[in-house]
Amino acid sequence: MRLILFLIFALKALTVCGQAVPAAPSAKKFETEFRMQNGSYLGFSQVNLSLGEIGFKVEVNKTSKDKGSKLEFRIDKPKGKIIGTLEVPYTGDTTYALKLVGNLKHAEGVHDLFIVAKGASSFSIVAFSFIWNY
């Protein structure tokens, strides 16, 4: 069953939408880098969250040592219900993988998924993927 669901996710192209944020100059450029600042978001349409075993892996890069930056996972709209949050740590010039797994609150059915940045300092999302929570 999990293999079939994985194939559905792998074959279905996810539509990505979001706000454009000007890229800040940095010493190291990544091939795919989404600059995030307070209120910026990435959106994925029609994600099936009713599987109960789905999780998210986000690779981030944050060069500022300020604390309080986080990612909020929201459904249906950028200011919709929060189904999970992740704190974004200082990474220096490297990337760090954050995982949100488990039975996500209010995560039932097919929803538009939004990843919203919160906090005073900006950071980059280098990669994002859906993972299985085993």
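Colleague: Why is Thr94 called partly exposed?

Modeller: In this predicted model, Thr94 has a relative accessible area of 40%, and because buried means under 20% and exposed over 50%, a value of 40% falls in between and Thr94 is called partly exposed.

Colleague: Where does Thr94 sit, and with which residues is Thr94 in contact, leaving aside its neighbours within four places in sequence?

Modeller: Thr94 belongs to the loop between strand E6 (82–87) and strand E7 (96–100), and, with those neighbours left aside, Thr94 is in contact with Val60 and Asn61. The C-alpha atoms of Thr94 and Glu59 are 9.9 Å apart in space, with the two positions 35 residues apart in sequence.

Colleague: What makes the approach of the Thr94 side chain to the backbone oxygen of Thr91 a polar contact?

Modeller: The distance is 2.9 Å, and a polar contact requires a pair of N or O atoms within 3.5 Å, so the pair of Thr94 and Thr91 meets that distance cut-off.

Colleague: How do you know that Phe56 and Phe73 form an aromatic pair, and why is the pair called stacked?

Modeller: The search of the whole structure finds 7 aromatic pairs, including that of Phe56 and Phe73, at 5.2 Å centre to centre with 15° between the planes. Because centres must lie within 6.5 Å and planes under 30 degrees apart count as stacked, the two values justify both words. Phe56 lies in strand E4 (residues 54–61) and Phe73 in strand E5 (residues 70–75), so the pair ties together parts that are 17 residues apart in sequence.

Colleague: What makes Phe56 and Phe128 a stacked pair as well?

Modeller: Their centres are 6.0 Å apart and their planes differ by 20°, so the pair satisfies the limits of 6.5 Å and 30 degrees. This pair links distant parts of the chain, with Phe56 in strand E4 and Phe128 in strand E9 (residues 123–132), 72 residues apart. Phe44, Phe56, Phe73, Phe128 and Phe130 form one aromatic cluster.

Colleague: Why is Phe56 called buried?

Modeller: Phe56 has a relative accessible area of 0%, and because buried means under 20%, Phe56 is buried.

Colleague: How do you know that the charged end of Lys65 sits over the ring of Tyr90?

Modeller: The charged end of Lys65 is 5.4 Å from the centre of the Tyr90 ring, so the distance meets the cut-off of 6 Å.

Colleague: Which residues touch the most other members of the largest nonpolar core?

Modeller: Of its 23 residues, these are Leu49, Leu71, Phe73, Leu113, Phe123 and Ile125. The largest share of this core, 4 residues, comes from E4.

Key: Residues are numbered from 1 along each chain as its sequence is written. This is a predicted model: local features need pLDDT of at least 70, side-chain atom pairs count only at pLDDT 80 or more; totals for chains, interfaces and linings use all residues. Side-chain values use heavy atoms; hydrogens and water are left out. Helices (H or I, at least four residues) and strands (E, at least two) are DSSP runs, numbered from the N terminus. Buried means under 20% relative accessible area, exposed over 50%, partly exposed in between (1.4 Å probe, protein chains only). Contact means heavy atoms within 4.5 Å. A polar contact is a pair of N or O atoms within 3.5 Å; within protein, one must be able to donate a hydrogen and the other to accept it, and residues adjacent in sequence count only if both atoms are side-chain atoms. Rings of Phe, Tyr and Trp (its six-membered ring) pair if their centres lie within 6.5 Å; planes under 30 degrees apart count as stacked, over 60 as edge-to-face and the rest as tilted. A charge sits over a ring if NZ of Lys or CZ of Arg is within 6 Å of the ring centre and within 35 degrees of the ring normal. A nonpolar core is a set of buried Ala, Val, Leu, Ile, Met, Phe, Trp, Tyr and Cys residues joined through side-chain atoms within 4.5 Å.
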